[in-house]
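Visitor: I am new to reading protein models, and I would like to go through this one slowly with you, beginning with its helices. Could you explain the terms as we meet them?

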Amino acid sequence: MNYLKTLIEAAIPNRWRPRVEIYVLKDNKILVGVHPEIGLHVPGGGIETGQNIYKAAEAECLEEAGVKIKNVKLATKENYYEDWYKLDVEGQPITKKDRERMKIFRGIKHFYLKADFDGFDKRLLGSEGDALKKISFIGKNELIKEFIKQGKKFDKAQYDMRIKIIKSL
């Protein structure tokens, strides 16, 4: 059995796709939008080659929500590793896009950031084809309730991390 496990592990990529998730604050509320596969969500996305996490956060907010941000900081020093192969074995849903990425990556290394709202700028909105719909600002408790529901369908540990971050904002 150990031999089989070793073979399986050897076939799984050992690279993690870096990703930012940004909690944009305005008047003590958090920016959200509707993601087509997940539901209510905050802006976020992959870190491109040559980008640091702060530039990636700025780019994702513009591309997904049409929002400019300022005062970008880490929301936590903790990272969350979303292991797609482990989730797949557990029967948890994985987006179509991430299934394709499983050929290259084991999963995602999440960086969580917070920033202040600095106005709207729709010029890049949807330029990556994954804009959030119905952009709005909601209270922390409302977002926590939504993430508790999503945590029952998706990776619960990841949603526990998100809830911890929201409570700290």
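Guide: The expected span of a helix is 1.5 Å times one less than its number of residues. Helices (H or I, at least four residues) and strands (E, at least two) are DSSP runs, numbered from the N terminus. This is a predicted model, in which local features need pLDDT of at least 70, side-chain atom pairs count only at pLDDT 80 or more, and totals for chains, interfaces and linings use all residues. Residues are numbered from 1 along each chain as its sequence is written, and side-chain values use heavy atoms, with hydrogens and water left out.

Visitor: How many ångströms does α2 reach from its first C-alpha to its last?

Guide: There are 13 residues in α2, and at 1.5 Å a residue the expected reach is 18 Å. Taken from the first C-alpha to the last, α2 comes close to that expectation, with a reach of 17 Å.

Visitor: Is α2 mostly covered or mostly uncovered?

Guide: Here buried means under 20% relative accessible area, exposed over 50%, and partly exposed in between (1.4 Å probe, protein chains only). The buried residues of α2 include Ile53, Ala56, Leu62 and Ala65, and also Glu60, Glu63 and Glu64. Since ten of the 13 residues in α2 are buried, the helix is mostly covered.

Visitor: Which elements are included in what covers the buried residues of α2?

Guide: Just after the end of α2, Gly66 takes a positive phi of about 65 degrees. For the buried residues within α2, contact (heavy atoms within 4.5 Å) is what identifies the cover. That cover includes β1, β2, β4, β5, β7 and β8.

Visitor: Against which elements do the buried residues of α6 pack?

Guide: α6 also has 13 residues, and its reach of 19 Å is close to the 18 Å expected. Among its buried residues are Tyr159, Met161, Ile163, Ile165 and Ile166, together with Gln158 and Arg162. These buried residues pack against β1, β2, β3, β6, β7 and α5.

Visitor: Why does Ile163 count as buried?

Guide: Ile163 has its place in helix α6. The residue counts as buried because its relative accessibility is 11%.

Visitor: With which residues is Ile163 in contact, leaving aside its neighbours within four places in sequence?

Guide: Ile163 and Gly151, for comparison, are twelve residues apart in sequence and 9.9 Å apart in space, C-alpha to C-alpha. Once the neighbours within four places in sequence are set aside, the contacts of Ile163 are Ile144, Phe147 and Ile148.
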